[in-house]
Amino acid sequence: MQLSAKNVGIFEAFYSSVKPIQLIHCILEIAKPGRLPSGRTEIPFEFPLKPKSNKCLYETYHGVFINIQYLLRCEMKRSLLNKDLQKVVEFILEYKDENEKAVIKAVDFSITPESLQNVKDRSKIPSFLLKGKLDSTICCITKPFTGEICVEKCDAAIRSIELQLVRVETCGCAEGYSRDATEIQNIQIGEGDVCRGIVIPIYMIFPRLFACPTLITSNFKIEFEVNIVVVFEDDHLITENFPIKLTRF
Amino acid sequence: MSYTWVAHPRNYDLEKKTGHLTAEEVIDHPLKPLTIMLQEGKVKRRPGSAASSTSSSTPGTPRKTSSSTTTTWGGVDPLSSLHPLSAALEGLDPLSQFAVTTDPLSQMASEASFNEKEFFSSKKSKHEENFEPWTSKRNAILNKYTTSEKLSIITSFLSGGEKVVVKTQSSMTDKVKTRLEQLDDFEEGSVREMLNLSQQEYVHRIEELNQALKQSWDQDQRVRALKIAIQCAKLLVDTSVIQFYPSKFVLITDILDNFGSLVYQRIHSKAEYHKPGNKYPVPLPENFTPDQVPESAKETCRNWFFKIASIRELIPRFYVETAILKSYSFLTHGEYSRALMRLTKMIRGIGDPLVAAFARCYLCRMTSSNSGQVFFSLFKLQSPVVQRTLVEQKIDLPTYLTLYSPALDWILHCVAYRASELVLKEVLLKCRSQCNSALLLNSIMTAFKPEFIAKRALDFVEMMKECDEAGFPKHLLYRTLGLCLVVADPPEDQRLQMLNEVWKVVTKLKNPADYMSCAEVWIEYPVKHFSKREVNTFLGDIIKHMNPDRAFESHYSQLVSVFDRILSHMHDFAMLFSMDHFLPFLDMLQKESVKVDVCKMVMETFVRTVREPTNDPVVINALMFICKTMHDSVNALTLDDEKRQVSALICRFIRQIDYGRDFEQQLSFYVEARATFSNLDPILVQLVQCVNHLAMKTRQIIKGHHTRKTAGFVKACSAYSFITIPSLTDVISRLDMYLISGQVALLNQCLSQADAFFKAAISLLPEVPKTVEVDGKHRSTEPFLISYISNFLSALLVIPDHPEQEPLYLIRGLLNVVQDYTWDSNSDARIIVYLNVLNLLSSMTQESYIYHIEKVDSNDALYGSDPKFLAMISKIGSTLVDEMLSHLKLLGDKGTFKRQASLAMDFFNRIVTHGDLTNNSLATLAVNLWGVINKHGTVDTKYCVRCLEFVKKRGMRPDGKAFTDLAARLQVPSRV
């Protein structure tokens, strides 16, 4: 694990002490010294993925603060006068099979003005009733996230209904821990002032690179949440948050 | 020296007897050998071409065979187009056939030149036969939904469009802004908004986007292509200029279609698979299964869908996914239908009903037609949104609702395609129970088979009544129903009730435009199913509606189409004109051109359908009126074709009128017609011909024995012609008419009339122009003149001399005219005429003429070969001979030997056939001419030999001594 080059500023200052953690390291020679014949030469190689002692291999994940990356570096040592050639490629690691399978856990929800938290002026809130259902909050990462939502009634005009996938990355270190939620993707499921009383499907495919099975380790946590966001015509928005658990299978 | 012309006396009866050839029975048609050869050729070719058709299936095959057929037969083969084999070959070639059929897919791929194009279109068109393709709707939509308002595009991919934008911006700050924008443009991804585009510019821009998409695709920038597609789809969110929305939809979905097929083709080309036992990969077959698709192609396919699934906004995501929906067939079997269901549900999230309707339409379009049923989800107009839109867009509800019809029509079209009646029932039931929207009803009627609609037409009327008044304009409903009933008939017992029910409502329509749009369609209904009375009432009703405020002025095209409908079904003109509202209806068309068009229409129908001659005064009167309208429309500016058309129609009408034995009535009709149609030459010619025909018919009936009454009538006919002919503008037709009328008069023993005709013709001859314009080219009138004069001469033979004039008065007159006529200096026409006159003169000297007119004494009877008369003829002949000889000499002086020789040959022939060779001077002349002929060797030697042989042969006859002598004096030139 290493700090992503993307992070800047304060975060770096705080966590500069966090060193990339090496999960695996393995070197092998794939060609003996000698001359390569001219033209294209393909050299087959293979090696077992064995984690270092008391570490385990996690699935590839690219986040904001946490990256799990597996790199393959190939080096060609050359004679004294020439520079060595080097090439690095990333390869993706996914679990083949795991005991933990997604168990369907449906959630019904309803959003009303009363159910809202941190509202400053309740009188300004239009009256509305949104009912819906998530087919499961434990989801297989390769399957779409599904459910449905229905605007039963709503006084104000709606501009958009959106589905927001959020990752929550928690890093622990000597100074304590930090928990940061960032958006991965935002999918619009309702455009404009949608019909009242009509069931709108909730459907989202998890992005392959930016999501991984929910991961909780002693050093860090990668968790995911889904927000259902309703944006009104006057730019006010209401959000309902659902923590979800992702599994590989 | 001068030669005298002495004609050789002949006995025509004897000649006729001796010269008579015995008829011989033949078995074969002279042209038949040719036909047989062709048939053989065909038989021979058959195996060859059949083999080539089976061995290769390239589209070039039929062309190859047809070209070889033409070469074997040499030149253009008249049969090649009808050749049964080539026709069969044409039919065999499925590729060319499918390339012709326009279906949505081929249209989609038309601009992309991929080899697979045919393959796809053939696949699609197989199960979409007689499924009306999207293309036909597409153009209709583009034409119908237009706007003059300004549009805007937000995109980052158009960089070529600055010029226009710069022009429209004038102030300094704007200019700076554009320059900055131009700088920005070089970086991809800068989003710019183009404002104030006219519709044309907008279309142009979208086309640019399409080009950009294709270009990026070709340059392997597929992500960029996808971005363009997404941005295009995003434009469909914007409904700001709502009248243009359907057109916008069409334009943008074109791009998306394009994108979809590009993706499909790319995956398809990647998806080569290994046939079992085959080493090399082959492209996927037409009906591949997902198992055949290799994993790499599936991965590419999945990548596309993943990319699209992460599009943030709903509408672009929907459209782009729908565009590449077809590619789901690479993945697994169930994927396609699952995606379909999901997309269908996804549309529910679209708030704007119009946008949602069009999204549904697109989904229907991209998927196979029959599954359209699934999409029939309830359609509700959500009032608050609509109300707001209406206020924003400043349009009224009916206009707004018509914007839906393209989408709805197409959806229902998909549902109804080959659907059974049950489906209609189901749909109707749903429609009735849920919303009973007029809009929906209208689309249902458009989409389903008219037979089904007609069957329950009354139910429909019932439903229409129940529909809420506000919203969709009702007259459109009635119009659509009418359109259905025109195609399919409702049950017999409901027909009248139907009409009454519908018309009760329609007749109450206040707006003339609405009323007319219904009436235009419904007129066909009574015309088809009911009698004159109902049609008459209907017409009366239309008149009643159209007359206030001169409403008819703005509905001419509909009124014309009413005529069209009536005329296409009612061919009984007596009945048509007996309707007391028909002519007033015609009168309502007060714009000249429209009226004339309708008149033409009526006449064309009359000409086409009426076979029997008529004498019904009502019909004649009405048609006369109609023809007069047409005739009066012709003026100096009228095109020639138009004149010809009108003339042809009127001529046809004149010919169609027949009073049977009532000739006087007929003549008076012609008099009336002449008075009415005096401006068009062809009609006058027709009239003269008709009158001549009438005179001849009279003669036929009384078998040549004129009574006083009939003689008077015939004279009246001649007088008619004589008066009519001078008003013809064309000299040539005047000449023709004079001659024909003169001959007719002569046949009817009206000698003085005939004389007058011939005199008029002769005095008209000098007026013949040298050239006439035919089809824009100048043609010399000389050939006409020669043949006309020859024709005239043969008539002259039988015309008796006028008792008060000197003998041969007409011939002299003609000769004077010929002499004075300014012939082309380079032509021998005058001499050719003279030669023909020589023929006439020879015939005139005979004791008994070769032909006579019954009951008319020709000159042979009048003079009885009086020597004075003969001498006169001989004198004229001699003058002519002198004329000709001097002309020959002139030709010789000018050095035009070829012409000289051929004329001399003609002359020689005349002498040999008609001249009396016992006369020494003539024989000498013949010998001299022979010398002239052969002097320069310009005449075909074979021809000369044949001539000489003829002379020798004549010499063998009993009286042929003179010929033998002549033959002895003639020599065939040795030169070749």
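**Strand pairing, chain contacts and a buried serine**

Strands E6 (residues 128-134) and E8 (residues 145-154) of chain A run antiparallel and are joined by seven bridges. The model that shows this pairing is predicted. E6 and E8 belong to an open sheet of four strands in chain A. Chain A also touches chain B: 21 residues of chain A are in contact with 19 residues of chain B.

**Chain A overall**

- Chain A holds 14 strands and one helix.
- It has 249 residues, of which 20% count as buried.
- Among contacts in chain A with a separation of 6 or more, 63% link residues 24 or more positions apart.

**The four-stranded sheet of chain A**

- The strand order is E5-E6-E8-E11, and the pairing is antiparallel.
- Strand E5 (107-111) and E11 of chain A are the edge strands. Each has a single partner strand, so one side of each has no neighbour in the sheet.
- On average, neighbouring strands of this sheet are turned by 20° against each other, direction ignored.
- One residue pair can be picked out between E6 and E8: Leu134(A) has Gly147(A), in E8(A), as its bridge partner.

**The contact between chains A and B**

- The contact involves 21 residues of chain A and 19 residues of chain B.
- On the chain A side, three elements give two or more residues: strand E9 (158-173), strand E10 (176-191) and strand E11 (199-204).
- E10(A) gives the largest share of that side, with seven residues.
- By class, the side of chain A that touches chain B has 13 nonpolar residues, five polar ones and three charged ones.
- E11 of chain A appears in two settings: at an edge of the four-stranded sheet, and among the strands on the side that touches chain B.

**Ser405 of chain B**

- Ser405(B) lies in helix H20 of chain B, which covers residues 405-416.
- Ser405(B) counts as buried because it has 20 C-beta neighbours inside 10 Å. The cut-off for buried is 20 or more.
- Leaving aside residues up to four places away in sequence, Ser405(B) touches Asn442(B) and Ser443(B).
- Ile141(B) is 264 residues from Ser405(B) along the chain. The C-alpha atoms of these two residues are separated by 9.9 Å.

Definitions and conventions: Residues numbered from 1 in each chain as written. Chains lettered and ligands numbered in written order. Predicted model: local features only at pLDDT ≥ 70, side-chain atom pairs only at ≥ 80, totals over all residues. Contact = placed C-beta atoms within 7 Å. Nonpolar A, V, L, I, M, F, W, Y, C, P; charged D, E, K, R; others polar. Buried ≥ 20, exposed ≤ 12 C-beta atoms within 10 Å, placed from the backbone. Pairing = 2+ DSSP bridges. Axes fitted to C-alpha atoms, helices over the stretch in contact; angles between N-to-C directions.
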